[in-house]
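Trainee: Please take me through this model in small steps, starting from a single pair of residues and working outwards.

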Amino acid sequence: MRGRNPFLKATDERTPTKPYTITVQPGNIVVHVDPANLHGGDHGLVGSVLGELMEAGVDIEHSCGGVLACSTCHVYIASGGKSCGEASEEEEDMIDSAPAVRSTSRLACQCVPDGSTDIVVEIPSWNRNAVKEGH
Ligand code: FES
């Protein structure tokens, strides 16, 4: 299954309105996001952290294909989290099944920053071996 989970109600559709960067830690990988050329669909919501990182060649684990049916895309938004808005109730429920949840935890496939600030994404330690930069 890819794209949007048809069994969940549509969440607040938001996309970035300004260019911004996603810095991935560890590794200090910087991805530039252009609101005129957003990615996702096959990897989470359009403009999601997962969609933008996958397009840039930064592979993040996402077992369900980005449809909010797992928690493998769990990341920490270490900085700039306010630009990501609130997690939906369904996202919060799924995050609860992830290990080592923090107040900054989000699912990368559902987290769509608005571009008002640059963000820093920390990959949880157990997923770091899975992260590959393909460019
Ligand atoms: S990839 Fe499954 S919830 Fe994000």
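**From one residue pair to the sheet and the core**

Trainee: Which residue in strand 5 stands opposite Y76?

Mentor: This is a predicted model, in which local features need pLDDT of at least 70 and side-chain atom pairs count only at pLDDT 80 or more, whereas totals for chains, interfaces and linings use all residues. Residues are numbered from 1 along each chain as its sequence is written. Strand 4 and strand 5 pair in the antiparallel sense over 3 bridges, where helices (H or I, at least four residues) and strands (E, at least two) are DSSP runs numbered from the N terminus, and two strands pair if DSSP finds at least two bridges between them. In strand 5, the residue that stands opposite Y76 is S105.

Trainee: What is the order of the strands in the open sheet?

Mentor: Strand 1 is joined to strand 2 by 5 bridges in the antiparallel sense, whereas strand 1 and strand 6 pair in the parallel sense over 4 bridges. Strand 2 and strand 5 (105-107) are the edge strands, each pairing on one side only. The open sheet has 5 strands with mixed pairing, and their order is 2-1-6-4-5.

Trainee: Which residues make up the covered face of strand 1?

Mentor: In a regular strand the side chains alternate between the two faces of the sheet. The uncovered face of strand 1 holds T21, T23 and Q25; of these residues, T21 has H32 in strand 2 as its bridge partner, and Q25 has E122 in strand 6. The covered face consists of Y20, I22 and V24.

Trainee: Which element gives the largest share of the largest nonpolar core?

Mentor: Such a core is a set of buried Ala, Val, Leu, Ile, Met, Phe, Trp, Tyr and Cys residues joined through C-beta atoms within 7 Å, and a residue is buried if 20 or more other C-beta atoms lie within 10 Å of its own, exposed if 12 or fewer, and partly exposed in between, with C-beta atoms placed from the backbone. The largest core has 26 residues, and I22, V49, L50, L53, A108 and V121 touch the most other members. The elements that give two or more residues to this core are strand 1 (20-25), strand 2 (29-33), helix 1 (49-55), strand 4 (74-79) and strand 6 (119-122). The largest share, 4 residues, comes from helix 1.

Trainee: Where is the cis peptide bond that has omega near -5°?

Mentor: The loop between strand 1 and strand 2 is the place to look, since P26 lies there. In this hairpin, with 3 residues between the strands, G27 takes a positive phi near 115°, and N28, also found in the loop, has phi near 55°, a positive value in a residue other than glycine. The cis bond runs from Q25 to P26.

Trainee: Is N28 buried or exposed?

Mentor: The count to consult is that of C-beta neighbours inside 10 Å, which for N28 is 8. Because of that count, N28 is classed as exposed.

Trainee: How far apart in space are E92 and S105, C-alpha to C-alpha?

Mentor: E92 is found in helix 2 (residues 89-95), and E92 is partly exposed because it has 14 other C-beta atoms within 10 Å. In sequence, E92 and S105 are 13 residues apart, while in space their C-alpha atoms are separated by 9.1 Å.
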